[in-house]
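Please look through the sequence and the structure shown here, and then follow the explanation below.

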Amino acid sequence: MNLSDFCRCYTNAADHELVKEMLHWFREDTESKTVTANRDTRKDLQKWVPVGTHLYNKIEQVKRSTLDMYLDEFPYVYKGAKQLISEETKIQKTATQGGGFHNFHSEISHYKNIRRVLTWTIYLNDIDEGEGETEFLLEGIKIQPKRGMMCIFPASFPWQHRGNPVHKHSKYISTGWWLFPEEGKMD
């Protein structure tokens with residue numbers, strides 16, 4: 001069995017209207033704080049969609065229906081998989097000229113994010129072939145960003161990945177994690 005067996009991409013998970021709405025919100029919303037991740041290993045703009053808003057709820061529907069497809073294929077991901085939660089929905093822009101997070105990493109890197117089970121990403125624009133891919137270290141998988149496609153993969157160390165540089169156009173994604181419920185809040 002190879003690691004790619006657990007990485008799944010779903011074409012057109014988010015329809016074009018929702019993608020347009022997400023991009024418009026990211027570019028035009030002035031009430032939500034934009035964070036600039038600017039350190040040696042990462043440069044991008046990030047914004048968290050406020051929980052309970054109309055946009056958040058629409059994205060949540062896409063996340064849940066896509067998770068359901070993933071769990072249909074992998075029903076033993078976690079005993080109470082239907083109880084997984086995704087508390088955060090981030091939209092980010094990776095600009096050309098050095099933007100992005102190009103170091104290989106996993107989504108569980110310290111005690112603060114130990115509850116992460118699965119990572120999800122919705123690509124919000126098409127990127128030219130050969131740039132902006134999500135690349136997985138151990139399998140050599142490269143996922144080419146396509147507008148509306150959603151990918152789900154395990155958050156743990158075997159699925160170390162990175163975003164490859166973009167050169168011609170900025171890359172937009174929405175991303176987050178499916179988490180174990182807090183201890184004591186599981187059935």
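In this predicted model, the lining of the second largest pocket is made up of five charged, four nonpolar and two polar residues. The pocket encloses about 260 Å³ of space, and of the 11 residues that line it, Glu88, Lys112, Asn113, Arg116 and Leu179 are the closest to its centre.

Aromatic contacts offer a second way into the fold, and five aromatic pairs are counted. In one of them, Phe6 and Phe74 are tilted with respect to each other, with 5.3 Å from centre to centre and 40° between the planes. This pair links distant parts of the chain, since Phe6 belongs to the segment before strand 1 (8–10) and Phe74 to the loop between helix 2 (54–73) and strand 4 (90–94), 68 residues apart. Phe6 counts as partly exposed because its relative accessibility is 25%, whereas Phe74, at 14%, counts as buried. Phe74 also forms a tilted pair with Tyr70, at 4.8 Å centre to centre and 50° between the planes, and Tyr70 is likewise buried. Together with Trp159, the residues Phe6, Tyr70 and Phe74 form one aromatic cluster.

Charged side chains meet rings as well: Arg27 lies over the face of Tyr172, 4.7 Å from the ring centre, and the charged end of Lys47 sits over the ring of Trp25, at 5.0 Å from its centre.

Turning to the strands, three of them form an open antiparallel sheet in the order 8-7-10. Strand 8 (142–143) and strand 10 (161–163) each have a single partner strand and stand at the edges, so one side of each lacks a neighbour in the sheet. Strand 7 (residues 134–136) pairs with strand 8 over two bridges in the antiparallel sense, and Thr134 stands opposite Ile143 of strand 8.

How values were computed. Residues numbered from 1 in each chain as written. Predicted model: local features only at pLDDT ≥ 70, side-chain atom pairs only at ≥ 80, totals over all residues. Heavy atoms only, no water. Pairing = 2+ DSSP bridges. Helix = DSSP H or I, 4+ residues; strand = E, 2+ residues; numbered from the N terminus. 1 Å grid on protein atoms, 1.4 Å probe; cavity = no way out; pocket = protein on both sides within 12 Å on 5 of 7 lines; lining within 4 Å. Points joined across faces, edges and corners; volume = space filled by probe spheres on them. Nonpolar A, V, L, I, M, F, W, Y, C, P; charged D, E, K, R; others polar. Phe/Tyr/Trp six-rings, centres within 6.5 Å; stacked < 30°, edge-to-face > 60°. Buried < 20%, exposed > 50% of the residue type's maximum accessible area, 1.4 Å probe, protein only. Lys NZ or Arg CZ within 6 Å of the ring centre and 35° of its normal.
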